[in-house]
Amino acid sequence: MIAMVKGILMEKGEGEAVVMTSGGLGLRMMCSMNTLSGLQQAGSECTLYTHMNVREDAMELFGFLKREERDMFRRLISVSGIGPKSALAILGSMPLSDLRLAILTGDANALSRAPGIGKKTAQRLSLELKDKLAQDALSGGVSMDDIVITADVDAPVQDAVSEAMLALKSLGYTPQEAANALKGVKGQADTPDELIKLALRHMAQMG
């Protein structure tokens with residue numbers, strides 16, 4: 001399997017880019033709008049992480065500037081009813097951090113802004129990926145010590161704070177930053193999405 005392509009960007013168009021490798025092989029890759037906007041002008045060197053999709057009638061290569069975007073693409077196509085083209089549309093509809101947040105908080109309105117994604121599909125997407133993304137965040141180093149701030153609250157609220165902690169961690173904040181932000185808004189909300197919004201606003205004000 002082709003894991004990565006490094007070469008010269010020959011051209012980029014609507015939804016695709018062509019990269020010439022050092023061996024003289026030109027590879028056409030389908031890309032999200034985020035990746036295409038991040039690529040420089042034709043003639044520049046680039047490196048793209050790739051995913052190959054093999055069908056009975058075609059072999060498709062997808063390219064991504066960031067490994068994290070490729071990983072999210074693979075998560076998306078694992079959802080029933082989400083094909084590669086729909087996954088690219090979802091990736092291109094918002095920044096990756098916003099997409100993670102929308103999935104973790106079950107924000108079907110944000111997810112359904114992607115072309116071809118209805119409310120039911122958006123809800124199913126969040127339902128199937130929410131726990132997987134939360135587990136990814138846990139694997140990244142969130143421990144029970146990071147959510148000690150929930151020790152003196154009721155179980156439902158504790159679950160909400162724990163979920164908010166995981167979401168903030170998946171957005172790139174350190175456990176300490178996320179914990180401090182949630183401490184700063186403790187008692188102001190009892191649902192994950194509201195806690196996350198308040199915590200993000202709190203960090204913006206503190207910054």
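This passage describes the fold, strand pairing, nonpolar cores and confidence of a predicted protein model.

The model is predicted, so that local features require a pLDDT of at least 70 and side-chain atom pairs count only at pLDDT 80 or more, whereas totals for chains, interfaces and linings use all residues. Residues are numbered from 1 along each chain as its sequence is written, and side-chain values use heavy atoms, with hydrogens and water left out.

The protein contains nine helices and five strands, where helices (H or I, at least four residues) and strands (E, at least two) are DSSP runs numbered from the N terminus. Along the sequence, these elements follow the pattern β-β-β-α-β-β-α-α-α-α-α-α-α-α. The mean pLDDT, the predictor's confidence in each residue on a scale from 0 to 100, is 84 for the protein, and 88% of the residues score at least 70. Among the elements, strand S2 (residues 16-21) has the highest mean pLDDT, 96, and helix H7 (residues 155-170) the lowest, 75. The pLDDT is below 50 over residues 141-154, a stretch that nevertheless has 21 contacts in the model beyond near neighbours in sequence; contact means heavy atoms within 4.5 Å.

Several antiparallel pairings connect the strands, a pair being assigned if DSSP finds at least two bridges between two strands. Strand S1 (residues 4-13) runs antiparallel to strand S4 (residues 45-54), to which five bridges join it; in this pairing, Met4 stands opposite Tyr49 of S4. S4 also pairs with strand S5 (residues 59-64) in the antiparallel sense, over six bridges. His51 faces Phe62 of S5 across that pairing, and four residues lie between S4 and S5 in the hairpin that they form.

A further antiparallel pairing, over five bridges, links S2 with strand S3 (residues 26-30). These strands form a hairpin with four residues between them, in which Gly24 adopts a positive phi near 85°. Met20 lies in S2 and has Gly26 as its bridge partner in S3. With a relative accessible area of 29%, Met20 is partly exposed, a class that lies between buried (under 20%) and exposed (over 50%), as assessed with a 1.4 Å probe and protein chains only. Not counting residues up to four places away in sequence, Met20 touches Gly7, Ile8, Met10, Leu25 and Gly26. The C-alpha atoms of Met20 and Lys6 are 8.2 Å apart, for a sequence separation of 14 residues.

Of the 207 residues of the protein, 42% count as buried. A nonpolar core is a set of buried Ala, Val, Leu, Ile, Met, Phe, Trp, Tyr and Cys residues joined through side-chain atoms within 4.5 Å. The largest such core has 48 residues, of which Leu76, Leu99 and Leu182 touch the most other members. H7 contributes the largest share of this core, seven residues. Beyond its neighbours within four places in sequence, Leu76 contacts Ile82, Ala87, Ile90, Leu91, Leu99, Leu125 and Leu129. Another core, of 12 residues, lies apart from the largest one and includes Ala17, Cys46, Leu48 and Leu61.

In helix H8 (residues 175-184), the buried residues are Ala178, Ala179, Ala181 and Leu182. Viewed down the axis of H8, these residues fall within an arc of 165° and therefore line one face of the helix, the arc being that of the directions from the helix axis to the C-beta atoms.
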